Amino acid sequence: MGDPLPPRSPHRASSRLSRSTNACIRCRRRKQRCDLRYPKCSSCDAARVPCLAYDSEKQAEVPRNYVSTLEEQVRQLKSELSGLRRQSTSTAITSATPAPADADDRQSTSSPMGAATVQSTASDPQEVVKSMGLVMLESSNQPRFIGTSSGVTFAKMVLACVKADIVIPMSPGPTRSSIQMAPPSPIVSSSLPPRHAAQHIMDVYFRHRTPHVPVLTKAKVSEVLERVYSAFETTHNNFSGVADRDLFIAYIVFAVGLCSLPLAGGTRPPQSEGCFNSALRCVDRLLSYSPSDLETLTVVLLLAQYISLNPSKGSLWQLTGIALRLCIDLGLHWETDAILAMPQPILDERRRLFWATYRFDRILCITLGRPFGIADQSINTGLPDPYSAQHLGTADVHAQRMANHIIALYKLESEIKHVLYHQLEGATLAYPRANYALWFRDVQPRLCAWKDAIPDISRADPDSIYSQQCWWDARWLNAILLLHRPNPLVPHPTAESLQTCFDAACQLIKANKTLQREGRICVIWQCVHGLFLAGLTMVYCIWESPEVRNKAPILDVMAAAQDCASTLTALAERFPGASGCRDAFESLSAATLRWLVARDQDNSSENGQPTLGNEINALRQHIPFSAAAWRTDEPTSIFPDEPFEFAEYLIAASQWPTSNVDMGPAFSLQDMFDASHLELG
């Protein structure tokens, strides 16, 4: 027999096993030698592909430098945290020094957090909430925690929802201006307008800006303005005798009243932003030391009113969330016998504030397709009494009746969204789905009854939007489209529903055109959304329904398409987000009209199988959404090359969170600590 084979070296065997175990996935699959170069082996580097390894704990493929990347991130975060701690220590020491004597540069130094917040909020109001997070997370003796009972935390949360370059001292100083505007802002503040101009702005506020979401009564604002101007004249143009609350209400009413007034250049009057900045000077003290929770809620809702008209100044979504939590905390959503026994003025104020919050919540949730902040089944609050002594005259009584009627429509729209657009993981005994057929037969008559019950518009103030029939028509037609258009529950409506959608869409386009021409549109982003959706619905009905195509005269379709595009063009001058919607709609409507013209020329009921390629791609760019949620098995016949139902575009458009409208994400302190800026939607 020959000599026995020499034994294998244990070191060599273990090295070979280690190399095969640590080889990258690509080399193992190709059964080739991996040189284990770091961070990429030679084979992956030459092929210019990621060099991946398998992580058994994550059960996923990860880069081979995954651990070192995480370690580097940890080192970077530790370095940033160390820098923040050193900054907190230095600012805490600096805060012990006396403040400058100049009243304009005076800052509160009684608290270490005061100086820290002053430094961090000069560039971004988001830093206010970040600094509060550091207070709560810091375990050392720097700085001290400030509890919610002080009101300071809440004040900073609200101010963090308002996008303005502001400097906010944490403790009350001897001066009135507790909020100082940063130097980069071109408009620092605004002085009070003359008394006669103030009266006119107040009338604009109640007639045009806020009838659909009333927060204040006209009598209350008149009393506030009388006190402000009387004190101002008595003290010789000095605000020392004016209460913070009165000054805030006066300035925010002026800011909202002046917002979006038509100018020659098509821009917002600079006085509107100046009044808003002046109102912000009072917010910190009002929220931190408010004697009444109802007063706090009023401040939040008034800020929301302004931001709803000027969404670039803050997050309407977050302010609405704060207001809704305040309402629930105060029990405004549920009236007990003890609450009903309150004096009528207090009861009416509670109801008015709650329903204003409710309307903001419904406007945002229906527009953005988000869950409601509170279910209708959890509400038993009554409506404000139109005949209360708080109102001044017959016109005010009628205005409150109309405001109450608008609440009834929001309830109907809330019900429609809950049944048709509510996303459920799965129906259960505890959360069953509604019987659609029975519910649909029930809700249609109620919508028609709402329209028939609209209070007599001839008795409204002639200058109020309540006196405009086209405004009421637009509100009702939006609800009709919400009910009949394609939705997740009924992606393929009946021919009758499609005809109703087409007629309602054309009428809504016409109503919005009238409102735009007469300067009656205030919440522009909401109008753009509704108008764009009406145009899409009209186009969809033409493509999808032969009955609609045969019944609709082509000249009427062309007129409606032109009206929609021209109105979007006019709105784009005040709201840039409308330009993308206009371009997408023009491309889509042009292809539709070309097909209709060719179809009529051929005298054929069907002109082949038309396709929309570039038009659909242009449309998709302006509706960011995921169609996988409602993907159907059958592609629509008129789009053979398009894998998704065109109805899904309508569903996505009905939940269209345009980036130009800052609604903000769902409100979360942790999100605000991590985010570099506020979003709103």
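**A friendly note on this predicted model**

1. Let us start with the surface. The chain exposes about 32,500 Å², and carbon and sulfur atoms supply 54% of that area. Please keep in mind while reading that this is a predicted model.

2. Now for the overall make-up. The chain has 681 residues, of which 51% count as buried. Its secondary structure comes to 26 helices and 4 strands.

3. A good place to zoom in is the loop between α2 (25-30) and α3 (42-47), where you will find Pro39. What kind of peptide bond joins Tyr38 and Pro39? The bond is cis, with an omega of about 5°.

4. Stay in the loop between α2 and α3 a moment longer, since Leu36 is found there too. Leu36 is not a glycine, yet its phi has a positive value, near 60°. Is Leu36 buried, exposed or partly exposed? With a relative accessible area of 26%, Leu36 is partly exposed, because that category covers the range between under 20% for buried and over 50% for exposed.

5. Next, move along to the loop between α3 and β1 (52-55), which holds Arg48. Arg48 is another residue other than glycine with a positive phi, again near 60°. The relative accessibility of Arg48 is 75%, so this residue counts as exposed; the cut-off for that label is over 50%.

6. Two helices further along the chain deserve a look as a pair. Helix α18 covers residues 469-484 and helix α19 covers residues 495-517; their axes lie 9 Å apart, and the helices pack at an angle of about 150°. How are α18 and α19 oriented to each other, roughly parallel or roughly antiparallel? They are roughly antiparallel, because angles over 145 degrees count as such. In addition, the crossing in which α18 passes α19 is left-handed.

7. Finally, which residues of α18 and α19 meet? On the α18 side they are Cys470, Trp471, Ala474, Leu477, Asn478, Ile480, Leu481 and His484. Their partners in α19 include Ser497, Thr500, Cys501, Ala504, Ala505 and Gln507. Further along α19, Leu508, Ala511, Asn512, Thr514 and Leu515 also take part in the contact. By type, the residues of this contact divide into 12 nonpolar and 7 polar, with no charged ones. When you turn the structure on your screen, try finding Trp471 in α18 and Leu508 in α19, both of which belong to this contact.

How values were computed: Residues are numbered from 1 along each chain as its sequence is written. This is a predicted model: local features need pLDDT of at least 70, side-chain atom pairs count only at pLDDT 80 or more; totals for chains, interfaces and linings use all residues. Side-chain values use heavy atoms; hydrogens and water are left out. Helices (H or I, at least four residues) and strands (E, at least two) are DSSP runs, numbered from the N terminus. Buried means under 20% relative accessible area, exposed over 50%, partly exposed in between (1.4 Å probe, protein chains only). Axes are lines fitted to C-alpha atoms, for helices over the stretch in contact, and angles run from 0 to 180 degrees between N-to-C directions. Angles under 35 degrees count as roughly parallel, over 145 as roughly antiparallel, 65 to 115 as roughly perpendicular and the rest as oblique. A crossing is left-handed if the near helix is turned anticlockwise from the far one by less than a right angle, and right-handed if clockwise. Contact means heavy atoms within 4.5 Å. Ala, Val, Leu, Ile, Met, Phe, Trp, Tyr, Cys and Pro count as nonpolar, Asp, Glu, Lys and Arg as charged, and the others, Gly among them, as polar. Accessible areas come from the Shrake-Rupley method with a 1.4 Å probe; for residues, only the protein chains shown count as cover.
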